[in-house]
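Open your viewer and get ready to select a few residues and helices. We will go one stop at a time.

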Amino acid sequence: MMEEMVIKEAAKLPQVAEGLKLARAINGLGYEAYLVGGCVRDLVRWKLGLDADLGIHDVDLATNMPAEELAKHFKTASNNGEKHGTILVFMDDIPFEVTRFRADGEYSDGRHPDSIDFADTFEEDTKRRDFTMNAMGMDADCRIVDYHDGVGSIRSGVLSTVGNPVDRFNEDALRILRAGRFSSKFGMKPDLVMLSACRALSPRLKFLSMERVHDELTKCASPKAFAGMLHFLDDGLGKVLSESIDWKSAARAVDNWISYHQKPWDTITGMAIVFMSCSGDVELEMRKFKCTVDEIDAYKYSHAMYMAYHSGKLDLVDLVDLVNNKKWPAFAGVVNAYDGKCAIDAVQEDKLKRLGNTYPMQKDITNAMKESGIKQGPEFGRILRRVRLCSYKHKLDGRRAIDAPYLDKLVAEIKREFI
């Protein structure tokens, strides 16, 4: 244990407080129990002043209390983790994942342990974990239990594995991507030995399920973290996952997004930016990466409109439809990322949205056309588009407001041109 740290403030956080209450109850029955994982890491980062806010969502526990004993003394439920020693335990009707101290066996498939042996001590349990900052625990008195200097890793900003990184990455190649995600998310540098192991063992990435790869990418929930992950991959690691994606170009594009964009970040935009750098059959590659329907649709729309935008053929109707489309943020993000500028700035965007959302809107024009006797058919769409264009230009010219009689007159004039 490297240094003593007590975080008494943790007891004031509702979910953490309930987890500590469960730990005390387990202690009272003669067993050990510790809060573990991300919640402990995030509490330490907050205590060290590295994070201003605590966004703790999940509180997990580790214990030497067997599952059958937990079931005798607490309300429990299955979460299909029994073979790994994990069950749900309720404290005041709040469920917590509780896992018995473990010592993993060999990882012959490079992802899952061949066997699970239960350990006697928390120290032994921590030796199977990936990174030192994720191997800490918190006891019922809010004392940090740290056998691998996770606090020191967080304080120095250097990400390091528990033990030999070659062993950790051979056990589970996903940890290579987790190294990229955690270092990017928290602004940490992978230690040189670990970085060398990532490169040396990168061929093992091809054995990962693409659902897991996709999950690691989309867990980078901020633009800075997403860019960091792509830069991590552009050092040759990404080529193992896909020869078609230009990871370096995608990383630079997200850097541009950070510099020029004004919108909130979302991973759908991020994935559209990544696959804009992809060659060949992009949709096939996205399906290989298990991208969601929304991600694929956002890419397809962004790519099509990006090409149309650069053709210079988008008129006022196209631009109004563009900013009012639900996929607009992805398109705008792509343009900012690859052009290094705002395609349509906030003032222009607001003006275009108001054009499309004040009278007459498209439904008003459609109703006026039907009342004038224009039937559905080949000309209907062309007349509708022309009336919309004229009404938008009329608004921009700052002439009198368009009312129902003026709209009827405009429809009649354009009808005569077509019929």
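A residue counts as buried when its relative accessible area is under 20%. Keep that in mind throughout this tour of a predicted model.

**Stop 1: helix α19**

Select residues 362–371, which make up helix α19. Which of its residues are buried? They are Asp364, Ile365, Thr366, Ala368 and Met369. Now show α20 (378–396) and α21 (404–418), which are among the parts that cover these buried residues. Before you leave, click on glycine 373, just after α19: its phi is positive, about 95°.

**Stop 2: serine 302**

Next, go to serine 302, which you will find in helix α15, residues 293–311. Is serine 302 buried or exposed? Its relative accessibility is 0%, so it counts as buried. To see what touches serine 302, show Ala272, Ala330, Phe331 and Val334; these are its contacts once neighbours within four places in sequence are left aside.

**Stop 3: where α15 meets α17**

Keep α15 on screen and add helix α17, residues 328–339. The two helices pack with their axes 9 Å apart, at an angle of about 55°. An angle between 35 and 65 degrees falls in the oblique class, and α15 and α17 are therefore oblique to each other. Their crossing is right-handed.

Now colour the residues that meet. On the α15 side, select Ala298, Tyr301, Ser302, Met305, Tyr306, Tyr309 and His310. On the α17 side, select Trp328, Ala330, Phe331, Val334, Val335, Tyr338 and Asp339. Of the residues in this contact, eleven are nonpolar, two are polar and one is charged.

As you look along a helix, remember a general rule: an α-helix has 3.6 residues a turn, so residues three or four places apart point the same way.

**Stop 4: α17 itself**

Hide α15 for a moment and look at α17 alone. Its twelve residues should span 16 Å at 1.5 Å a residue, and the end C-alpha atoms are indeed 16 Å apart, so the two values agree.

How many of the twelve residues of α17 are buried? Nine are, so the helix is largely enclosed by the rest of the structure. Select them: Trp328, Ala330, Phe331, Ala332, Gly333, Val334, Val335, Asn336 and Ala337. Then bring back their surroundings, because these buried residues of α17 (buried being under 20% relative accessible area) pack against α12 (247–260), α13 (267–276), α15, α16 (316–324) and α18 (346–356).

For the last click, choose glycine 340, which follows α17 and has a positive phi, near 70°.

How values were computed
Residues are numbered from 1 along each chain as its sequence is written. This is a predicted model: local features need pLDDT of at least 70, side-chain atom pairs count only at pLDDT 80 or more; totals for chains, interfaces and linings use all residues. Side-chain values use heavy atoms; hydrogens and water are left out. Helices (H or I, at least four residues) and strands (E, at least two) are DSSP runs, numbered from the N terminus. Buried means under 20% relative accessible area, exposed over 50%, partly exposed in between (1.4 Å probe, protein chains only). Contact means heavy atoms within 4.5 Å. Axes are lines fitted to C-alpha atoms, for helices over the stretch in contact, and angles run from 0 to 180 degrees between N-to-C directions. Angles under 35 degrees count as roughly parallel, over 145 as roughly antiparallel, 65 to 115 as roughly perpendicular and the rest as oblique. A crossing is left-handed if the near helix is turned anticlockwise from the far one by less than a right angle, and right-handed if clockwise. Ala, Val, Leu, Ile, Met, Phe, Trp, Tyr, Cys and Pro count as nonpolar, Asp, Glu, Lys and Arg as charged, and the others, Gly among them, as polar. The expected span of a helix is 1.5 Å times one less than its number of residues.
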